[in-house]
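User: I'd like to go through the rings and cysteines of this model with you. Could you explain the reasoning behind each label?

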Amino acid sequence: MHHPFTPVASVPVDPRRARVHEEGWQSWSPSGVYALGAPPHRPTNDNWATVCYRPGVTVPAGVFQGEGLLALDPGDGSPVRLWAAPDPVREVPSIRLTPAGPVAEISADGPVKEFTGTDIQAVLAEWASGLGVPAPRPAPTVWCSWYEYFTEVTEDDIHENLRAMDTLDLPVDVVQIDDGYQQALGDWLTLSGRFRSRRGIAEAIRARGRRAGIWTAPFLVDPGSDLAAEHPDWLVRSADGGFAHAGRNWGHDLYVLDTTHPGAAAHLTEVFRTLRAEGYDYFKVDFLYAGALDGVRHTAVDPLTAYRDGIALIRAAIGPDSYLLGCGAPILASIGLFDAMRVSPDTAPHRASEAGDFSQPGQDAAEFTGAARQWQHGRFWINDPDCLMARPAVETRERWAAHVEATGGLMASSDRLLSLDPWGVDTTRRLLSGGE
C-alpha cells in the first residue's frame, strides 16, 4: 500500500558540494552517497526490480529516494540532516529528495522524524544507536561453499575442504553448506543427488571440532517442487487469484511461502527443527525479501508483520543459541531479528556487475553498498560484507580482501582451499584470525 508523497522539508544547499545518502530496501539494494548531480543506481530490468529493489516502487528520474532513511549533507557548512521512519520495523516510508537549484525538497509517503549530526555516517550511527537494539554476539568464522562450487556443490567437496582446513591450519569455526544440497527450493529436507546424508555430513564436520552450517531460502518455493504440487494453499496469492510472483532466479519463476497459513508455519518449523536436530547450528537464510512481498495471505496481516513473524518462527525452531545470518532481507524491517546481516549485494570473482546494475553480483557493487552501510555494524547486527575469495583466479583479490578486512564484520572464506596459493592461504588465515 503506497500513499501519496507529502512535503517534509525544504533545505538550502550548495548544489556542487551537497551529498545525499540513499538507503536501499534490502541487502542487495544499492545504498550509498551521491553528489546532487550524480545519477543514483536504479534497476536495469523489471525482474531485478522485484528481486533486488523495493518491489512495486519506481523512482522518478533525477530524484533520490531512501527506503525508511535518507540523509543530506547540505554542503554549506550547516548540519547533516537525516529523515527516518519513527518505527522502522512496522512501517518503512519512502523518502525523496528532489534537487531544485539552491534548495533540496524533501517529501515522504509516510511519517518520518528528523535528526541532525556532523557527517552522514555519524548521524546514521547515532540514529541506529538510539533505537536501543541489544549489542550483537560476535560472529564465528566461516567457510562457505558458494563462491567456488555454486549450485553444483557435492558432499565430497565438503569433505575435501574439511580435510584442507586441518592441513592448512585455518581457524574455521563453521563449515556452511550453501545452495545445491536440496532437491528444490521449498523441498529443503529432500536431498539432491549430490549429497548422501545431511546428518552424516554434519556429524563429519563436528567430528573435526567445527560447527555445521546450512543455507536455505525459507520463503521461496520452486513451482516445480513437491511442496508447490502438494500444498498450493500454502502459497501467497496475488490480488487476481494467481500466485504471488517473487521474480525469476535459477532459470524459473518463484513463488512465496505463506507462513501465516498454519500448515505452512508448521512445515517451516519442522524444516528448521529437523536441521537443528541433525547438528546444524549456523543458519544462513537468504532471499528473505520474498517474505515481505505484497499478496493475499491466509491471515490478513501486512507484509512486514508476516515477514517478522516468519523469521520469529525460524528463530524459535533453531533455538536462541544457534547463529542466524540474514541475506536479501528488508534492512530496516529486520532490526532486532538477526545475529548477522548481509549489507550488500553478492560479491563475485569479477569487479563489474551485469548490465551495470549495482544490485547484481560484483566486487564494485558489494564495496559501494557495504561501505555505505558500515554504520549498521555492531548496532543492529554483525555486518556481513560477503565472503573472502583469495584464490588466484579472482580479479583484484587483494582489493577485495582489504575491503572485507576493513569492515571488521563476519569473516567467511569461500574458496576451494586446495586452490589457494601462499598469498591466498596467508590472507585467509589472517582474516579468519581477526587480522592477527
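User: How many aromatic pairs does the structure hold?

Analyst: Happy to help! This is a predicted model, and the structure holds 19 aromatic pairs.

User: What makes Tyr282 and Tyr323 an aromatic pair, and which kind is it?

Analyst: Their ring centres are 5.9 Å apart, and the cut-off for pairing is within 6.5 Å. The planes stand at 0° to each other; under 30 degrees counts as stacked, so this pair is stacked. Tyr282 lies in strand S19 and Tyr323 in strand S20, 41 residues apart. Both Tyr282 and Tyr323 are buried.

User: Why is the pair of Phe358 and Phe368 called edge-to-face?

Analyst: Here the angle between the planes is 75°, and an angle over 60 counts as edge-to-face. The centres are 5.6 Å apart, within the 6.5 Å needed for a pair.

User: Is Phe358 buried or partly exposed, and why?

Analyst: Phe358 has 16% relative accessibility, so it counts as buried, the limit being under 20%. Phe368, at 24%, counts as partly exposed, because its value falls between 20% and 50%.

User: How do you know that Cys387 has no bond to Cys144?

Analyst: Their sulfurs are 4.3 Å apart, too far for a bond, since a disulfide needs a pair within 2.5 Å. A search of the whole structure finds zero disulfides. Cys327 is likewise in no disulfide: the nearest cysteine sulfur, that of Cys387, is 9.5 Å away.

User: What makes Cys327 count as buried?

Analyst: Its relative accessibility is 1%, and buried means under 20%. Cys387, at 6%, counts as buried too.

Definitions and conventions. Residues are numbered from 1 along each chain as its sequence is written. This is a predicted model: local features need pLDDT of at least 70, side-chain atom pairs count only at pLDDT 80 or more; totals for chains, interfaces and linings use all residues. Side-chain values use heavy atoms; hydrogens and water are left out. Buried means under 20% relative accessible area, exposed over 50%, partly exposed in between (1.4 Å probe, protein chains only). Rings of Phe, Tyr and Trp (its six-membered ring) pair if their centres lie within 6.5 Å; planes under 30 degrees apart count as stacked, over 60 as edge-to-face and the rest as tilted. Helices (H or I, at least four residues) and strands (E, at least two) are DSSP runs, numbered from the N terminus.
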